[in-house]
Amino acid sequence: MSAKRALIPVLLILVCAAVLLAYNYLGMAMPAPSGTPPLPSTPYPTPPVPPTSEPATPPANPPQAAIPAVGDLAPEFSLPSVSGETVSLSDYHGTRDVVLLFYRTGG
Amino acid sequence: MQEDYERFTALNAEIVAVSVEEAAIGANVSQLLGLQYPMLSDVEHKVVNLYGVYNLLGDSLATPSVFLIDVEGVIRWEYVGVSTSDRPSNEMILDQLRALAGSP
């Protein structure tokens, strides 16, 4: 029983293949309708591509800098906070140490 | 981090958190946790690139990392995670802050 079941997909594939072969054979045997113009033997000419002298467009973001080392001046930045105000690293200069955390909500 | 926030402020430190994820997500999380410190949105990857911590784990997110910056703006300690869950404990950061306070 299970062997017969296993044969069912194989048989289906064979039947499909046979149908496709028959269709192709008939299609080739049938003459093309006289009303349709013959397809051009050569493809349409492609317009010549002008040589580009300028380099490819630069990436949207500058390449990533190396991780700054301990003892380096921390790179200054300003970013919007989720509550709307703009926070700059320099806001804390001279007043507080900063624990700068890079985080992800996923973990 | 939030539960230890007062311990950080007692050491004259401010926590500044940066994520590359959409500000909306950050806002939801922020409301959820009732965070007291600024959460910054770096959707253009400006600051993560500046600190070299973007996409180090190949997931197009900020690598979990901590930079301890003193009042002069100098980096005094840093920790860059090597996996998504690799981050220093609050205790570890507080120890570094205390060491910083003790040094001239």
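**A sheet shared by two chains**

In this predicted model, five strands form an open sheet in the order 2(B)-1(B)-3(A)-3(B)-4(B), and their pairing is mixed. At the edges lie strand 2 and strand 4 (75–80) of chain B, each of which pairs on one side only. Direction ignored, neighbouring strands of the sheet are turned by 20° against each other on average.

It helps to walk across the sheet one pair at a time. Starting from the strand 2 edge, strand 2 (residues 39–41) of chain B is joined to strand 1 of chain B by three bridges, and these two strands run parallel. One residue to look for here is B:Val18, whose bridge partner in strand 2 of chain B is B:Leu40. The next step crosses from one chain to the other: strand 1 of chain B and strand 3 (residues 97–102) of chain A run parallel and are joined by six bridges. Within this pair, B:Ala17 of strand 1 of chain B has A:Leu101 opposite.

The walk then returns to chain B. Strand 3 of chain A pairs with strand 3 (residues 65–69) of chain B over five bridges, in the antiparallel sense. Here A:Phe102 faces B:Ser65, a residue of strand 3 of chain B. The last pair is made by strand 3 and strand 4 of chain B, which are antiparallel and share five bridges. In that pair, B:Ile75 of strand 4 of chain B stands opposite B:Ile69. Helix 4 (residues 90–102) of chain B packs on the sheet, where it touches strand 3 of chain A as well as strand 1, strand 3 and strand 4 of chain B. The direction of helix 4 makes about 15° with that of strand 3 of chain B. As for the hairpin of strand 3 and strand 4 of chain B, five residues lie between its strands, and B:Gly73 takes a positive phi near 90°.

Now consider chain A by itself. Chain A has one helix and three strands, arranged along the sequence in the pattern α-β-β-β. Of its 107 residues, 12% are buried.

How many residues does each chain bring to the contact? Chain A gives 35 residues and chain B gives 54. On the side of chain A that touches chain B, strand 1 (78–80) and strand 3 of chain A each supply at least two residues. Strand 3 of chain A provides the largest share, six residues. Sorted by character, the residues on this side of chain A are 22 nonpolar, nine polar and four charged.

What lies inside? The largest nonpolar core contains 35 residues, and those with the most contacts within it are A:Val99, A:Leu101, B:Val16 and B:Val18. Elements that each supply at least two residues of this core include strand 3 of chain A, along with strand 1, strand 2, helix 3 (46–50), strand 3 and helix 4 of chain B. B:Val16 makes a good example to inspect. Apart from its neighbours within four places in sequence, B:Val16 is in contact with A:Val87, A:Val98, A:Leu100 and A:Leu101, and also with B:Tyr37, B:Pro38 and B:Leu40.

Finally, why is strand 1 (residues 13–19) of chain B described as largely enclosed by the rest of the structure? The reason is that six of its seven residues are buried.

How values were computed. Residues are numbered from 1 along each chain as its sequence is written. Chains are lettered from A and ligands numbered from 1 in the order in which they are written. This is a predicted model: local features need pLDDT of at least 70, side-chain atom pairs count only at pLDDT 80 or more; totals for chains, interfaces and linings use all residues. A residue is buried if 20 or more other C-beta atoms lie within 10 Å of its own, exposed if 12 or fewer, and partly exposed in between; C-beta atoms are placed from the backbone. Helices (H or I, at least four residues) and strands (E, at least two) are DSSP runs, numbered from the N terminus. Two strands pair if DSSP finds at least two bridges between them. Two residues are in contact if their C-beta atoms, placed from the backbone, lie within 7 Å. Ala, Val, Leu, Ile, Met, Phe, Trp, Tyr, Cys and Pro count as nonpolar, Asp, Glu, Lys and Arg as charged, and the others, Gly among them, as polar. Axes are lines fitted to C-alpha atoms, for helices over the stretch in contact, and angles run from 0 to 180 degrees between N-to-C directions. A nonpolar core is a set of buried Ala, Val, Leu, Ile, Met, Phe, Trp, Tyr and Cys residues joined through C-beta atoms within 7 Å.
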